[in-house]
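Got the model open in your viewer? Let's take a short walk through it, one selection at a time.

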Amino acid sequence: MALFDYQLFVIGGGSGGVRAARIAAGYGARVGIAESYRYGGTCVIRGCVPKKLLVYAAHFAEDFTDAQGFGWTVPPAQFSWSSLIEAKDKEISRLSSIYEKNLVGSKVDVLHGAAHLVDAHTVTLNGKPISAKHILVATGGTPFVPPIPGIEHAITSNEVFDLQQLPKSVLIVGGGYIAVEFAGILNGLGAQVTLCYRGEQVLRGFDDDVRAHLVEEMEKKGITVLLQSDVVRLDKLSDASVSVALTGVQTSPLVVDAVLYATGRVPNTQGLGLVEAGVALDEEGGVIVDAFGHTNIKSIHAVGDVTNRIALTPVAIREGAALANTLFGPTPVSADLTTVPSAVFSQPPIGTVGLTEAQALASYGEIDIYSSKFRNMRHTLSGRDERTLIKLIVDSASQRVLGAHMVGSDSPEIIQGLAIAIRMGVTKADFDATVALHPSAAEEFVTLREKVTRRRM
């Protein structure tokens, strides 16, 4: 008789948990997984995938306009929010079903319900105790909203995908990637968008030139950006609109159809029984783990956003795979996260990998900066006043490229390729020796010649 019901039991059916479950089962382990909502996690259900579909939809407004500069006569376009959401829902259902089918195909027991930790080797699911040699917590994150008066009148990134109709006017509160992405989406689909952020500039943690350039381009598209501004209270009006009292330059209340809070996400650890089981958490509720995904309790592990580290789907997948290989494979494996590329699907989008200018200065003392702003070839005929920014950060001593940053069309696609080179230790001379692919925006990275040297003060 087996000592445990499962060798691995996973709480959470998102990207990290599913990857760990399938790889562990591939090693012959008995694996069970439980999800309280729908399989696929934040990315598939209410994050990366539906957001990217809406980003595509939002681009068509500009595409129709730009086509006229290339000789096309485009009749007045009409947009249907309900048709878009219906198509999105169909695709999300398809993907969620694939996640479950893949788990079943990997011989993982797929369960539904909210699992709770009881002790180091036991969880309860739908009132039934389940024992496991190893328990993996992969419950992701959840939107954070501050406790201000009237906050119940706001929505978050969870609800915005299921709105019955597109609001005519929206206030987006926050300055992170979710905030700027939805600003671009809703603006592109026809809403009047105001974004307010209490900080000095959006996208804290990104390169300063990238941050400033994005705001400049957002404002060109008609988005109002209020920096060093915050919400004091929300009041619902008789016509169902919301009156918003703000600090900063906006002295009179702002009246909008909807208020979207995008003020960050926090680890989804409430009510899981982690504290009762003795699992150590950080100040924001994130599960504290080592490089291998182990907590302070030998049999309990965690991967993905719930650990409050790098909240990216590919990172969760890499961590889940590493944990499964460590527990059931031939040798322990840690996820190598030294050079993680990232994208912001704002409009225009951002692609970035490696160090920012500030980070590079702090670590290396002297760096060379190569940058360029230019008008994309497409807009020479479209007439649109949009400019692309590219930037390389190089260690002056070794000439190794420390970071690459881009704001402009196709930047995530371009940066993915550069991430490979930067991870392998590419130098500026390697960039210079590479023949340009012309005409393209990507070629700018291998034609940069003028530099500015900066030294740590």
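Start by selecting helix α7, residues 313-328. α7 is mostly covered, with 12 of its 16 residues buried (buried means under 20% relative accessible area, exposed over 50%, partly exposed in between, using a 1.4 Å probe and protein chains only). This is a predicted model, where local features need pLDDT of at least 70, side-chain atom pairs count only at pLDDT 80 or more, and totals for chains, interfaces and linings use all residues. Numbering runs from 1 along each chain as its sequence is written, and side-chain values use heavy atoms, leaving out hydrogens and water.

Colour the buried set of α7, which includes Val315, Ala316, Glu319, Leu323, Asn325 and Phe328. What sits on top of those buried residues? Among the covering elements are β1 (6-11), α1 (15-26), β6 (128-137) and β17 (300-302); helices (H or I, at least four residues) and strands (E, at least two) are DSSP runs, numbered from the N terminus. Try a distance check too: at 1.5 Å a residue, the 16 residues of α7 should span 22 Å, and the end C-alpha atoms are 23 Å apart, which agrees. (The expected span is 1.5 Å times one less than the number of residues.)

Next, keep α1 and add helix α4, residues 81-105. Their axes are 9 Å apart and meet at an angle of about 20 degrees, so α1 and α4 are roughly parallel. (Axes are lines fitted to C-alpha atoms, for helices over the stretch in contact, with angles from 0 to 180 degrees between N-to-C directions; under 35 degrees is roughly parallel, over 145 roughly antiparallel, 65 to 115 roughly perpendicular, and the rest oblique.) Show sticks for Ser15, Val18, Ala21 and Arg22 of α1, plus Tyr99, Asn102 and Leu103 of α4: these make the contact (heavy atoms within 4.5 Å).

Now jump to α3 (48-67) and α5 (177-188), which pack at about 45 degrees with axes 8 Å apart. That makes the pair oblique, therefore, to each other. On the α3 side, pick Lys51, Leu54, Val55, Ala58 and Ala61; on α5, Glu181, Gly184, Ile185 and Gly188.

Last stop: threonine 388, in strand β21 (residues 387-395). Is threonine 388 buried or exposed? Its relative accessibility is 3%, so threonine 388 counts as buried. Select its contacts, not counting residues up to four places away in sequence, and you'll get His213, Ser372, Lys373, Phe374, Asn376, Met406, Val407, Gly408 and Ser409.
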